[in-house]
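Visitor: I have a model open in front of me and would like to learn how to read it. Could you walk me through a few features?

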Amino acid sequence: AQRSSLNPANSTGDRLRAIQLITLGKFHAVRETLEALLQPRQSAEIRDAAVDATGRFTDPDAAELLLTAARSLPPAARRRAYDLLVSQRVWANRLAQAIVDGDIDANQISAVHRERLLGQPLSDEAREAVGKSTDRAEVVATFQQVLDGSGSASRGRALFQKVCATCHRLDEFGTNVGPDLAPLRNRGAAY
């Protein structure tokens with residue numbers, strides 16, 4: 001099943017069935033396969049199935065794999081990884097510790113995930129790090145310098161996906177947690 005899940009010559013359906021089968025094994029026996037399936041070169045469907053498959057394990061190392069993979073996952077898959085990480089107490093504590101350690105920016109975690117994390121028994125340090133969010137004026141000031149430069153739609157899109165999409169939605173991309181940004185499309189850069 002592991003070989004079949006990794007073989008791009010197989011149909012997507014066959015690969016997805018193989019991914020389901022590998023969850024019947026021990027995590028350490030399938031870790032490398034799951035790690036390969038979580039790579040950006042995989043299709044979204046395969047990567048999403050790998051996220052879900054990793055989440056079916058209870059091994060703490062599965063949480064580590066999700067935390068590592070989340071950094072390179074697109075926003076929707078990253079949210080799913082965070083869903084899984086906050087679903088188990090031990091995993092939620094590991095996610096909170098990653099925020100404390102600075103491995104994950106607390107602002108990259110959605111308000112829903114932050115709230116779920118705060119519902120877990122956390123250390124005071126973790127509770128403070130998870131509960132901290134950046135002041136909006138601070139965020140605006142951080143990006144103020146770009147007003148003087150020339151724009152790049154592709155760089156802007158990549159930045160939006162990395163920084164804004166956890167809370168905002170634009171062009172069918174992102175999450176509807178924060179305000180809708182579509183009406184701002186035709187405003188000037190300083191707006």
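**Reading burial, core and charge pairs**

Guide: Let us begin with one side chain: at 23% relative accessibility, Arg94 counts as partly exposed (buried means under 20% relative accessible area, exposed over 50%, partly exposed in between, with a 1.4 Å probe and protein chains only). Please keep in mind that this is a predicted model, where local features need pLDDT of at least 70, side-chain atom pairs count only at pLDDT 80 or more, and totals for chains, interfaces and linings use all residues. Residues are numbered from 1 along each chain as its sequence is written, and side-chain values use heavy atoms, with hydrogens and water left out.

Visitor: Which residue forms a salt bridge with Arg94?

Guide: Side chains of opposite charge can pair when their charged atoms come close. A salt bridge here is a side-chain nitrogen of Lys or Arg within 4 Å of a carboxyl oxygen of Asp or Glu. The partner of Arg94 is Glu64, with the closest N and O atoms 2.3 Å apart. Glu64 lies in helix H5 and Arg94 in helix H7, so the pair ties together parts that are 30 residues apart in sequence. Helices are DSSP runs (H or I, at least four residues), numbered from the N terminus.

Visitor: How many salt bridges does a search of the whole structure find?

Guide: The search finds 4. One of them joins the side chains of Arg80 and Asp52 at 2.6 Å, N to O. That pair links distant parts of the chain, with Arg80 in helix H6 and Asp52 in helix H4, 28 residues apart. Arg31 and Glu35 also meet in a salt bridge, at 3.1 Å, N to O. Both of these residues lie in helix H3, 4 residues apart, about one turn of the helix.

Visitor: And the nonpolar core: how many residues does the largest one have?

Guide: In soluble globular proteins, nonpolar side chains tend to be buried together. A nonpolar core is a set of buried Ala, Val, Leu, Ile, Met, Phe, Trp, Tyr and Cys residues joined through side-chain atoms within 4.5 Å. The largest one here has 41 residues, and those with the most contacts inside it include Leu34, Leu85 and Ile99. H5 gives the most to this core, with 7 residues.

Visitor: Is Ser5 buried or exposed?

Guide: Ser5, found in helix H1 (residues 2-6), counts as buried because its relative accessibility is 0%. Not counting residues up to four places away in sequence, Ser5 touches Arg15, Ala18, Ile19, Thr33 and Leu37, where contact means heavy atoms within 4.5 Å.

Note on methods
Helix = DSSP H or I, 4+ residues; strand = E, 2+ residues; numbered from the N terminus.
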